[in-house]
Amino acid sequence: MPASQPRCRARDRNNVLNRAEFLSLNQPLKGNQESRSSGRKQSGQAGAAGAQNSNPKERRQSQQLPEEDCMQLNPSFKGIAFNSLLAIDICMSKRLGVCANRASSWGGARSMINLLGITGHGIPWIAGTLICLVKSSTLAGQEVLMNLLLALLLDIMIVAGLQKLAKRKGPYDVNPGLLDYLTMDTYAFPAGHASRAAMLSKFFLNHLVLAIPLRILLVLWALCVGFSRVMIGRHHITDVLSGFVFGYLQFRLVELIWMSSNTCQMLISIW
């Protein structure tokens, strides 16, 4: 043991790392560890403070964003029902457009369906009313014809205005005819032929004495004119149904502003 102690001391003396200039390498870096630990503490404190500061903002965003997402991604029941009915309307209208073009299943009957649609056009009815008014010699007949002319003009103006507001296109790309351009019947909603047919049939049923078979034929004519516009691909089903409703409302409007016989005679004398 006494001999080994001098040997250990000699080894320690000969060890390069035991010199004064290398002593710092053998000692732990307390300052660095303290600085690292303090830095970690500061960063942890700053992170906690940032989290505390950002928590109110994140909470506000978490409270706001789900509501906005619900507004955009979760439509209301009314919106779902409306879109579903609109899709059904478009699908059924396309299926019923059997005369939309020559290549359709009923393409050969397209000319006959167009002829049926012309019977509900405004220009032939206005021309026929004017001819009958010129040839009429009774005050009662002139009164009815003048109010019929008023109803036809109101129908053209109301339908044209509603179509300009809605600007809905038909189920097929069918170009309007010349008579349609004259009456500004260029859009789908509401169907002008349907509104006119409904208004005329109700007008004649109220102011003309007709037999029951003629009354039935008049109603069937109005229905055929309306749905012929669906068959040629010009209107949707809802366009025709709304046209029937507007036609009845126009008839009620004419009944409210009905011109008396004296007023009609005054207008005829001016004309």
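The protein chain contains 12 helices and zero strands in this predicted model. From the N terminus on, its elements accordingly read α-α-α-α-α-α-α-α-α-α-α-α. Of the 271 residues in the protein chain, 30% count as buried. Among contacts with a separation of 6 or more, 72% join residues 24 or more positions apart. The area exposed by the protein chain amounts to about 17,800 Å², of which 64% is supplied by carbon and sulfur atoms.

The largest pocket encloses about 240 Å³ of space. Its lining comprises 16 residues, and those closest to the pocket centre are Asn114, Ile118, Gly177, Asp180 and Arg229. Two elements, α5 (110–118) and α8 (178–182), each give two or more residues to this lining. The greatest contribution is that of α5, which provides four residues. Classified by residue type, the lining of the largest pocket consists of six nonpolar, six polar and four charged residues.

The second largest pocket has a computed volume of about 170 Å³. Its lining includes the residues Arg168, Lys169, Gly170, Tyr172, Asp173, Val174 and Pro176. Thr186, Tyr187 and Ala188 also line the second largest pocket, as do Gly233 and Arg234. By class, five nonpolar, three polar and four charged residues make up the lining of this second pocket.

Definitions and conventions. Residues are numbered from 1 along each chain as its sequence is written. This is a predicted model: local features need pLDDT of at least 70, side-chain atom pairs count only at pLDDT 80 or more; totals for chains, interfaces and linings use all residues. Side-chain values use heavy atoms; hydrogens and water are left out. On a 1 Å grid over the protein atoms alone, a cavity is a set of points where a 1.4 Å probe fits but cannot get out, and a pocket is an open set with protein on both sides within 12 Å along at least five of seven lines; lining residues have an atom within 4 Å of a point. Grid points are joined across faces, edges and corners, and a volume is the space filled by probe spheres set on the points. Ala, Val, Leu, Ile, Met, Phe, Trp, Tyr, Cys and Pro count as nonpolar, Asp, Glu, Lys and Arg as charged, and the others, Gly among them, as polar. Buried means under 20% relative accessible area, exposed over 50%, partly exposed in between (1.4 Å probe, protein chains only). Contact means heavy atoms within 4.5 Å. Accessible areas come from the Shrake-Rupley method with a 1.4 Å probe; for residues, only the protein chains shown count as cover.
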